[in-house]
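Q: I would like a close look at a single part of this predicted model. Please choose one helix and describe how it is placed, what covers it, and how it relates to the interior and to the open spaces of the fold.

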Amino acid sequence: MIRVNDLEKSFGEFKALNGLSLHVDKGAVYGLIGPNGSGKTTLIKHLTGVMKPDKGSCEINGMPVYDNIDVKLMTGYVPDELYFFGNYSLKAMRSYLKALYPAWSDERYRTMLADFGLNENGRISRFSKGMQKQSAFLLALCTRPDVMILDEPIDGLDPIMRKKVWGYLLGDVADRQMTVLISSHNLRELEGICDCVGILSQGKLLFEGRLDELKGKAKDMSLEELFFYEMGGEL
Ligand code: ADP
Ligand code: MG
């Protein structure tokens, strides 16, 4: 469903992505794990069509992502830094997105609005950080995307809300084979959610595979130890 081949991206002299390849099957929940600065957000900006590859390719459902409206309409995205139009409420966002996204669900909107206890008439930009995050999840999930991309989504969500959000996400994975890519700097944060993981370091993937495979090797290892291990070091 997601296929990245030999992707490179430089900012000036600095190579943020350095020949990165990864692959996510349809219906998988893929954890992209890497320390700060390893290139997670840069990769995600390529997967959401915000950045254009210097070299290599980035495809969703066999289509190149950059400048491709069909891909954008099948992709949900919750960025690390949220942005909302100045005076928009959830109600106004609903009208806007409903007109844009063919698979938009009003039923889902009403259910999640009640479940999250959000006021659909309030300005989103004045909501608390956590409520803004909830709003971003709500809106992204109501577009009923085939692919959901989440950049470090856990910050700002309390444990109860986290559980609710995972419930909706994993429900969509089970019900309609939604594909999820979720980034984090902490492997443990994603335990119990991901079935596959990619470990990113300095713009390259060190490991890609099933989480249970990784856990077999990596029991009780910290991420740093794991990197060391994957680089061929002896513990
Ligand atoms: P992560 O999300 O894993 O923390 P990023 O993808 O945000 O990492 O950043 C990877 C590296 O690329 C960092 O060293 C960062 O400073 C650099 N970088 C990211 N975006 C830009 C940019 N627009 N201009 C210059 N450097 C950037
Ligand atoms: Mg980031």
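A: The account that follows takes one helix, H5, as its subject and then moves outward to the core, the cavity and the pockets.

The model is a prediction, and its local features are reported only where pLDDT is at least 70. The geometry of helix H5 can be checked by its length. At 1.5 Å a residue, its 14 residues should span 20 Å, and the C-alpha atoms at its two ends do lie 20 Å apart, so expectation and model agree. Beyond the helix comes arginine 144, whose phi is positive, near 45°.

H5 is mostly covered, with 12 of its 14 residues buried. The buried residues are Gly130, Gln132, Lys133, Gln134, Ser135, Ala136, Phe137, Leu138, Leu139, Ala140, Leu141 and Cys142. The cover over them includes strand S6 (75-78), helix H3 (90-100), helix H4 (106-116), strand S7 (147-151) and helix H6.

This burial has a counterpart in the nonpolar interior. The largest nonpolar core comprises 45 residues, and Leu138, Leu169 and Val180 have the most contacts inside it. To this core H5, spanning residues 129-142, gives the most, with seven residues. A separate core of 23 residues lies apart from it, with Leu7, Leu47, Met74 and Ile149 among its members. Leu138 is also one of the buried residues of H5. As for Val180, its contacts with residues over four places away in sequence are Ala28, Val29, Tyr30, Met148, Leu150, Leu169 and Val173.

Val180 and Leu169 appear again beside an enclosed space. The structure holds one cavity of 30 Å³ or more, and the volume of the largest cavity is about 30 Å³. Its lining consists of Val29, Leu150, Trp166, Leu169, Leu170, Val180, Ile182 and Ile193. Helix H6 (159-176) and strand S8 (179-184) are the elements that give two or more residues to that lining. H6 gives the most, with three residues. In class, the lining has eight nonpolar residues, with no polar and no charged ones.

H5 takes part in open spaces as well. The largest pocket holds about 720 Å³ of space. It is lined by 26 residues, and those nearest its centre are Tyr77, Pro79, Met93, Leu97 and Tyr101. Two or more lining residues come from each of helix H2 (69-73), S6, H3 and H5. Its lining has 20 nonpolar, four polar and two charged residues.

The second largest pocket has a volume of about 180 Å³. Lys40, Thr41, Asp80, Glu81, Leu82, Lys129, Gln132, Lys133, Asp151, Glu152 and Asp155 line it. Helix H1 (40-47) and H5 are the elements that give this lining two or more residues, and H5 gives the most, with three. By class, the lining has one nonpolar, two polar and eight charged residues. Gln132 and Lys133 of this lining are also counted among the buried residues of H5.

In summary, H5 is the element that gives the most to the largest nonpolar core, and H5 also gives the most to the lining of the second largest pocket.

Notes. Residues numbered from 1 in each chain as written. Chains lettered and ligands numbered in written order. Predicted model: local features only at pLDDT ≥ 70, side-chain atom pairs only at ≥ 80, totals over all residues. Heavy atoms only, no water. Core = buried A, V, L, I, M, F, W, Y, C linked by side-chain atoms within 4.5 Å. Buried < 20%, exposed > 50% of the residue type's maximum accessible area, 1.4 Å probe, protein only. Helix = DSSP H or I, 4+ residues; strand = E, 2+ residues; numbered from the N terminus. Contact = heavy atoms within 4.5 Å. 1 Å grid on protein atoms, 1.4 Å probe; cavity = no way out; pocket = protein on both sides within 12 Å on 5 of 7 lines; lining within 4 Å. Points joined across faces, edges and corners; volume = space filled by probe spheres on them. Nonpolar A, V, L, I, M, F, W, Y, C, P; charged D, E, K, R; others polar. Expected span 1.5 Å × (residues − 1).
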